[in-house]
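Reader: Hello! I would love a close look at one part of this model, and then a walk outward from there. Could you take me through it?

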Amino acid sequence: MAAAREEFLERGYEKASMRSIADRCGMTAAGIYRHCKDKEDLFCQLVSPAEDKLMDWGRAHMHRYEEPVKKNRKMVWQDSFIDMMREVVYPNMEDYHLLIARSKGSKYENYLHDMTEMAQDKFLVYLNELRKSGINAPKITQQQLHLLLTAYLTALFEPVVHNYPYEEANEALSTLEKFFLPGWKEMMGIGHKGCREAVDSL
């Protein structure tokens, strides 16, 4: 697995070869196929733990925001994708560089786009639930939200694409936090006077 990781990081999924991976670890190609079906299966074994961590964080993130709405509790800011990058992604930069930047030709090559689409669908449903609960969250079209989320996630993962050192990535994250978070709070009806009044009345 260490040899496969090195091969995919250096050459990317598309140009990596099973024969080269076998040479790196002193095995035959046939020996590697005892551990995986093919190159894509081997790549999936490497990146799926990183993907699972993102999905676990995302489910917990949605739960933290959905619960107050379901129980008619006061809406407060809890966390954002900024926290996901800080807690999960940037401390494991190489894992996510492999998933995001070295996956062309695999089923993961559009991972960031797919992640944006999934976040978009869930956020639209959530905004609708906020309005039903009495919070005057601004209306936004699917196309407009897609633009915002694409800009947001692309910016957050740009240090991953370029494999920034940890400290440099965190410095960039502080700038992105100052720029993006006020807008997302406004979108969710947090921080706007009229929305605060609606939330406080729940």
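Let us begin with D56: is it buried, partly exposed or exposed, and at what relative accessibility?

Author: Happy to! Please keep in mind that this is a predicted model. D56 counts as partly exposed, because its relative accessibility is 45%, which falls between the 20% and 50% cut-offs. The side chain of D56 meets that of R59 in a salt bridge, with N and O 2.5 Å apart. Both residues sit in helix α4, and because they are 3 residues apart there, about one helical turn separates them. R59 has a relative accessibility of 53%, so this partner counts as exposed. In general, side chains of opposite charge can pair when their charged atoms come close.

From here we can step to the other charged pairs. The whole structure holds 10 salt bridges. Some of them share partners, and in this way E6, E7, E10, R11 and R24 are joined into one network.

R5 is a good next stop. One salt bridge of R5 is with E94, where the closest N and O atoms are 3.0 Å apart. This pair links distant parts of the chain, since R5 belongs to helix α1 and E94 to helix α6, 89 residues apart. E94 is partly exposed, with a relative accessible area of 38%. R5 also meets the side chain of D95 in a salt bridge, at 2.3 Å from N to O. D95 lies in helix α6 and R5 in helix α1, so this pair ties together parts that are 90 residues apart in sequence. D95 has a relative accessible area of 22% and is therefore partly exposed, given that buried would require under 20%.

Now to the nonpolar side of the picture. In soluble globular proteins, nonpolar side chains tend to be buried together. Here the largest nonpolar core has 60 residues, and the members that touch the most others are F8, L156 and F157. Among the elements that give two or more residues to this core are α1 (2-15) and α6 (93-101), along with α4 (39-70) and α8 (142-161). Helix α4 gives the most, with 9 residues. That brings us back to the helix where we started, as D56 and R59 are both in α4.

For a closer view of the core, look at F157. Setting aside neighbours within four places in sequence, F157 is in contact with M84, M85, V89, I100, L112 and M115. If you select F157 with those partners, and then R5 with E94 and D95, you will have both themes on screen.

How values were computed
Residues are numbered from 1 along each chain as its sequence is written. This is a predicted model: local features need pLDDT of at least 70, side-chain atom pairs count only at pLDDT 80 or more; totals for chains, interfaces and linings use all residues. Side-chain values use heavy atoms; hydrogens and water are left out. A nonpolar core is a set of buried Ala, Val, Leu, Ile, Met, Phe, Trp, Tyr and Cys residues joined through side-chain atoms within 4.5 Å. Buried means under 20% relative accessible area, exposed over 50%, partly exposed in between (1.4 Å probe, protein chains only). Helices (H or I, at least four residues) and strands (E, at least two) are DSSP runs, numbered from the N terminus. Contact means heavy atoms within 4.5 Å. A salt bridge is a side-chain nitrogen of Lys or Arg within 4 Å of a carboxyl oxygen of Asp or Glu.
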